[in-house]
Amino acid sequence: MKAIVTEQAGGPEVLKYQECPERQPGSGQVVVRVSAAGVNFMDIGVRKGTVWQDIPWPRIPGVEGAGVILRTSDDVSEFVPGQRVAWVYAPGSYAEEVVIPASALVLIPDSIDDKTAASVMMQGLTASHFATEFYPIQPGDIALVHAAAGGVGLLLTQIIKHRGGRVIGRVSSESKVAMAKEAGADHVIVDTKGTFAAEVIRLTEGQGVHVVYDGSGPVTFQDSLNALRIAGTFCWYGPILGAPDKIDIMSLPKSIKIGYATFNHHVHTSALLRKHTNILFDWLLAGTLKVSIGKEYALADAAQAHADMESRKTTGKLLLIP
């Protein structure tokens with residue numbers, strides 16, 4: 001079995017494509033042949049050594065994907081070999097085969113292909129958590145979505161629009177404007193310096209937005225605060241790009257609320273995972289949600305996928321294909 005292995009923290013060059021032992025399931029587990037593995041900023045953190053600090057080197061990055069069940073342990077009765085499944089958190093997904101607890105799997109509907117399923121798991125569940133639970137968008141709400149042409153941003157924009165909200169998207173280049181608008185953004189701001197609040201205030205007739213979804217790192221933190229209206233909500237995510245300075249809660253303006261949102265709180269039980277994933281699948285089947293696959297790479301080219309993602313020049317979802 002081939003997999004991407006990293007023996008130490010470092011840049012994309014530490015990701016090595018090599019032979020690994022065949023995987024065998026333990027109690028409650030299945031072995032899946034990976035059809036497509038998603039690339040996420042979390043994987044960059046794994047490579048750099050900033051996350052998974054409790055997992056020893058060498059490591060196989062990747063947590064998300066879709067594929068076909070090859071083998072199950074004797075105590076697994078809900079799945080059988082040959083079924084198509086997807087998952088959102090299974091460490092070691094940058095591989096031809098991965099061992100996954102049966103409780104972490106969801107069945108893929110026949111009319112959804114593996115690549116689409118792999119593309120919607122982490123980023124789709126993240127966007128769903130942000131817009132339906134962390135700050136449930138109501139009709140007429142105005143949201144500021146950072147990285148609006150990225151995988152999360154494109155899905156988040158569509159969910160906000162589906163719930164009757166308006167979207168001001170922020171992107172890093174003119175080349176990304178059309179994609180953000182195609183997803184439904186009402187306005188798109190091009191900004192690389194973290195100075196966008198004045199334009200947001202202008203677009204909202206001096207009021208500011210109801211909610212900011214910001215995973216762009218500390219450079220955007222202050223203007224995201226400034227872009228909020230009275231009693232607005234700041235949804236902060238994405239630790240890989242760094243955290244803001246310490247916050248003096250007594251200095252927060254306009255009675256705003258700040259929170260750190262993570263997708264796993266949305267799907268912290270198997271029942272919730274399957275409930276929310278099935279909602280995403282229903283949206284896909286109805287045409288409410290469309291996945292944009294920005295680029296596909298051979299599994300052996302994982303290092304290039306990481307380099308491209310870190311460059312901030314990519315759009316949509318990046319996939320590795322074993």
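Val-68 stands opposite Arg-84 in strand S5. That pair is a good place to enter this predicted model. Val-68 belongs to strand S4, which spans residues 65–72. S5 covers residues 84–87, and 4 bridges tie S4 to S5. The two strands run antiparallel.

S5 also pairs with strand S7, residues 105–107. Here 3 bridges form, again in the antiparallel sense. Follow Ala-86 across to S7, and its bridge partner is Val-106. S5 therefore has partners in both S4 and S7, since two strands count as paired once at least two bridges lie between them.

Next, the cysteines. Cys-20 is buried, with a relative accessible area of 14%. Cys-235 is buried too, at 0%. Both values fall under the 20% cut-off for burial. How many disulfides are there? The count is 0. A disulfide would need a pair of cysteine sulfur atoms within 2.5 Å.

Now look for enclosed space. The structure holds 1 cavity of 30 Å³ or more. The largest cavity has a volume of about 50 Å³. Which helix gives the most to its lining? Helix H4, residues 151–162, does, with 4 residues. Gly-151, Leu-154, Leu-155 and Gln-158 are among the lining residues. Ser-119 and Gln-123 also line the cavity. So do Lys-290, Val-291 and Ser-292, along with Gly-316 and Lys-317.

What is the make-up of this lining by class? It has 3 nonpolar, 6 polar and 2 charged residues. Gly-151 and Gly-316 line the cavity, and glycine is counted as polar here.

Note on methods:
Residues numbered from 1 in each chain as written. Predicted model: local features only at pLDDT ≥ 70, side-chain atom pairs only at ≥ 80, totals over all residues. Heavy atoms only, no water. Buried < 20%, exposed > 50% of the residue type's maximum accessible area, 1.4 Å probe, protein only. 1 Å grid on protein atoms, 1.4 Å probe; cavity = no way out; pocket = protein on both sides within 12 Å on 5 of 7 lines; lining within 4 Å. Points joined across faces, edges and corners; volume = space filled by probe spheres on them.
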